[in-house]
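Biologist: Please take a close look at a single part of this model and describe its surroundings. Some words on the chain that holds it would also be welcome.

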Amino acid sequence: MKQDMTEQESIYEKRLARHHDELRWLYMELYDNSSMFAELCDNLHGFYDERNGELKKRDLEREKHTDWYQQNDMLGMMFYIDNFAGNMAGVAKKLDYLEKSNVNYIHLMPFLDTPEGRSDGGYAVSDFRKVQERLGTMEELENLTAACRKKNINVCMDFVMNHTSEEHEWARKARQGNGEYMSRYFFFDNDSIPQMYEKTVPQVFPTTAPGNFTWLPDIGHYVMTSFYPYQWDLNYKNPRVFNEMMYNFLYLANRGIDVIRIDAVPYIWKELNTNCRNLKQVHTIVRMMRIISEIVCPGVLLLGEVVMEPEKVVPYFGTVDKPECHMLYNVTTMATTWHTVATRDVRLLKKQLDIVNGLPKEYVFLNYLRCHDDIGWGLDYTTLQSEVIDERSHKRYLNNYFQGYEGESNSRGELYNADPVTGDARFCGTTASMCGIEKAGFEQDDEAMERAIRLDVMLHAYMFMQSGIPVLYSGDEIGQVNDYTYKEVQNKMADSRYIHRGAMNWKLAENINDKTSVEGRIFHRLSELEKIRKTEKAFVCQADTWTIDTYDDSVLCIGRYYEGEKIIGIFNFSEYDKTAWINEVDGMYTDMVSGETMKASGVNIPAYSFMYLKKNAAIRSA
């Protein structure tokens, strides 16, 4: 036992020695406070000591294989705990279903304690060390993560570090006039400085929560609230805020979390006369988080929520020598995918993929068709304008298309945060509803249903072909459609995002073994693709990935190559049969779904269909 403790201490000391000087330099550059740095180091040691043996063993394994998350077996699913299975104990009972869905990475949407009705979907945390009572307890969280480890399922959670709820202990004390706690936020007794901020800081929710400050008449102060009035921005210029939030971060990591999603990363440092986005101090903080995790819990990954184009989010990966986030979201490609569905034109998507494919292979993106949030049309309008496509009119077209009003659309959904002044709006809907499954089911049109399912499956096949880790939203694996019952719930009816956050329909999920049902057809086809992805090494993140000309603007082609193996994916975004003239005449290929052998040139692709073509191995002559 004593020898084991000595060995554990040696491991910690080696990690600390490797990172101490840089961590101190960054901390002192930001805060110039040696006593607070000493306190931080003492607490890092304490959290390491508290980390259980099973987690420490996992850390050691992952230190030896730092690319463990970059393999072709990673498939994620995100869900709200209550919508998926009621509570944490319920999720533990559904792990066999997740395994059957080929999922080995689950993102548990916000589950920490929040005020009822003023939580922004769980992103207004009132206690970072308490689970919402209706969802379970910290002990049940640890039980769930332990059960997931036994099945090699990684668990991701949200760490909301930009702000707290107004009901957080710090906020309550600040509201009582306690100066120490007021300094953890941004308080002003008049509007002169808030007005200066407003001149340069964009609004996050201009229609539902305009402005960046909230007046508190009970204490006669303004407080900075970038998101909603009940979410108070933390002041990271105060080293106490950084230290305490890092202690919360490590406490949660020690509950068995594998991936910590840093919410709203670009916002966490505020500076007057700037837009308070992506400032250099943000990168200092994220780099220190990465160092802290590598000292205490190196098996834990950092996932950054940065909603920008891939080439602009790249700084959040850091550098090879000084890495920051392990993974980032591929937001723009997601939005461009739906633009492609609505226009049947792959040119902008092809350009977007070329940008991503040109980035270093160490940069891992999470790819998805939709998530818990709305879809914002943050496209490359410079390129579109060169094709005489106006930004405002195009956004209007996209929103009309996905509501089913224009462009011979079969989609169904609703707008979110529509601004009548700018004409801007975001869109909400499930993948199935956006593909036409909801409309076809309502109209009982079998032909339309088959076409909608083909589009749905094709889009997933395309997502699996991208470089990075694919993530499903719970229910998409069975084609679950929009849930309009949110309109009947008082604290949800004003937020149309709940249309695609409906409860998992376990009654429909019982149909997955019936290949004649909608659910079974989608589940079976996706499962087939997921198994192909897991068994073909060309799908690893390190593979060379590129786009190939098809000489048809509605057909996308992606190539992947790794260690002598080559796969080509062809995707028809049109409702018409097409021929892809890809001119890949370097031998014969096999369709990995049908088993048919063919040349990769002049390939016929039915409407809303796809092909995975694998190059046949060269046959040596005797």
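Modeller: The account below begins with the residue Glu305 and then turns to the whole chain. The model is predicted, so local features need pLDDT of at least 70 and side-chain atom pairs count only at pLDDT 80 or more, while totals for chains, interfaces and linings use all residues. Residues are numbered from 1 along each chain as its sequence is written, and side-chain values use heavy atoms, with hydrogens and water left out.

Glu305 lies in the loop between β12 (301–304) and α13 (310–313); helices (H or I, at least four residues) and strands (E, at least two) are DSSP runs numbered from the N terminus. Its relative accessible area is 16%, and Glu305 therefore counts as buried (under 20% relative accessible area, with a 1.4 Å probe and protein chains only). The side chain of Glu305 reaches the backbone nitrogen of Ala264 at 2.6 Å. Leaving aside residues up to four places away in sequence, Glu305 touches Arg261, Ile262, Asp263, Ala264, Val265, Pro266 and Tyr329, where contact means heavy atoms within 4.5 Å.

As for the protein chain, its secondary structure comprises 22 helices and 25 strands. Of its 622 residues, 60% count as buried. Among contacts with a separation of 6 or more, 70% join residues 24 or more positions apart. The C-alpha atoms fill a box of roughly 70 × 65 × 50 Å along the principal axes.

Definitions and conventions: Buried means under 20% relative accessible area, exposed over 50%, partly exposed in between (1.4 Å probe, protein chains only). A polar contact is a pair of N or O atoms within 3.5 Å; within protein, one must be able to donate a hydrogen and the other to accept it, and residues adjacent in sequence count only if both atoms are side-chain atoms.
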